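Trainee: I would like a close look at one part of this model, followed by an account of what else is found in it. Please take it step by step.

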Amino acid sequence: MSENALNVTLEFSGGAELLFGNKKKHQVTLESENQDTEWNIKRLLAWMKDNLLTERPELFLQDDTVRPGLLVLVNDTDWELLGELEYKIAPNDTIVFISTLHGG
């Protein structure tokens, strides 16, 4: 692992895990090309689409953000309080995606 890498835990629940291989927890390492390249949630979502999302991206993403009905928590804090897409990811962050939409 390079010094420009971040270890992050991604967790999915409420049905969101079904879009990620039915796996609730992913330990990932986010590599940066150089020290000037920072990871934020917007960049993470694009990376997740390319590397983790196994099906139906339209149920997880809308444009460059998560779909309405998905709660995003960073270290147990609502991402809306942290700047949403612009939140700068820190080493060992835990980012949780919870679907609040339930079929009937």
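How much space lies in the largest pocket?

Mentor: This is a predicted model, so every value below is computed from predicted atoms. The largest pocket holds about 220 Å³ of space.

Start with the residues that line the largest pocket. From the early part of the numbering come Gly15, Ala16, Leu18 and Leu19, and Leu59 also belongs to the lining. Arg67, Pro68, Gly69 and Leu70 take part as well, and Ser99 and Leu101 complete the list. Sorted by class, the lining has seven nonpolar, three polar and one charged residues. Glycine is counted as polar here, so Gly15 and Gly69 go into the polar class together with Ser99. The charged residue in the lining is Arg67, because Arg belongs to the charged class.

Next come the aromatic rings. The structure holds five aromatic pairs. In one of them, the ring centres of Phe12 and Phe20 are 4.0 Å apart and the planes meet at 15°, so this pair is stacked. Planes under 30 degrees apart count as stacked, which is why 15° qualifies. Phe12 is buried, with a relative accessible area of 2%, and Phe20 is buried too, also at 2%. Phe12 has another partner, Phe60, and here the arrangement is edge-to-face: the centres are 6.5 Å apart and the angle between the planes is 65°. Phe12 belongs to strand E1, whereas Phe60 is in the loop between H1 and E3, so this pair ties together parts that are 48 residues apart in sequence. Phe60 is buried, as Phe12 is. Taken together, Phe12, Phe20, Phe60 and Phe97 form one aromatic cluster.

A ring can also have a charge over it. The charged end of Arg43 sits over the ring of Trp39, at 3.8 Å from the ring centre.

Now the charged pairs. Side chains of opposite charge can pair when their charged atoms come close. The structure holds five salt bridges, and three of them are described here.

In one salt bridge, Lys25 meets Glu11, with 4.0 Å from N to O. This pair links distant parts of the chain: Lys25 is in strand E2 (residues 25-31) and Glu11 in strand E1 (residues 5-13), 14 residues apart. Lys25 counts as partly exposed, at 45% relative accessibility, and Glu11 is partly exposed as well, at 26%.

Another salt bridge joins Lys24 to Glu17, whose closest N and O atoms are 3.6 Å apart. Lys24 is partly exposed, with a relative accessible area of 48%. Glu17, by contrast, is buried, because its relative accessible area of 10% falls under the 20% limit.

A further salt bridge is formed by the side chains of Lys42 and Asp64, at 3.2 Å from N to O. Lys42 lies in helix H1 (residues 41-51), while Asp64 lies in the loop between strand E3 (61-62) and strand E4 (65-66), so the pair ties together parts that are 22 residues apart in sequence. Lys42 is partly exposed, with a relative accessible area of 37%, and Asp64 is partly exposed with a value of 37%.

The backbone deserves a look too. Most residues other than glycine have a negative phi. Asn75 has a phi near 50°, which is positive although Asn75 is not a glycine. Asn75 lies in the loop between strand E5 (70-74) and strand E6 (77-78), and is partly exposed, with a relative accessible area of 39%. Asp76 lies in the loop between E5 and E6 and has a positive phi of about 70°, again without being a glycine. Asp76 counts as exposed, at 70% relative accessibility.

Last comes a loop residue, Gly83. Gly83 is placed in the loop between E6 and strand E7 (94-99) and is partly exposed, with a relative accessible area of 38%. From C-alpha to C-alpha, Gly83 and Asn40 are 9.9 Å apart in space, while in sequence they are 43 residues apart.

Technical notes: Residues are numbered from 1 along each chain as its sequence is written. This is a predicted model: local features need pLDDT of at least 70, side-chain atom pairs count only at pLDDT 80 or more; totals for chains, interfaces and linings use all residues. Side-chain values use heavy atoms; hydrogens and water are left out. Helices (H or I, at least four residues) and strands (E, at least two) are DSSP runs, numbered from the N terminus. Buried means under 20% relative accessible area, exposed over 50%, partly exposed in between (1.4 Å probe, protein chains only). On a 1 Å grid over the protein atoms alone, a cavity is a set of points where a 1.4 Å probe fits but cannot get out, and a pocket is an open set with protein on both sides within 12 Å along at least five of seven lines; lining residues have an atom within 4 Å of a point. Grid points are joined across faces, edges and corners, and a volume is the space filled by probe spheres set on the points. Rings of Phe, Tyr and Trp (its six-membered ring) pair if their centres lie within 6.5 Å; planes under 30 degrees apart count as stacked, over 60 as edge-to-face and the rest as tilted. A charge sits over a ring if NZ of Lys or CZ of Arg is within 6 Å of the ring centre and within 35 degrees of the ring normal.
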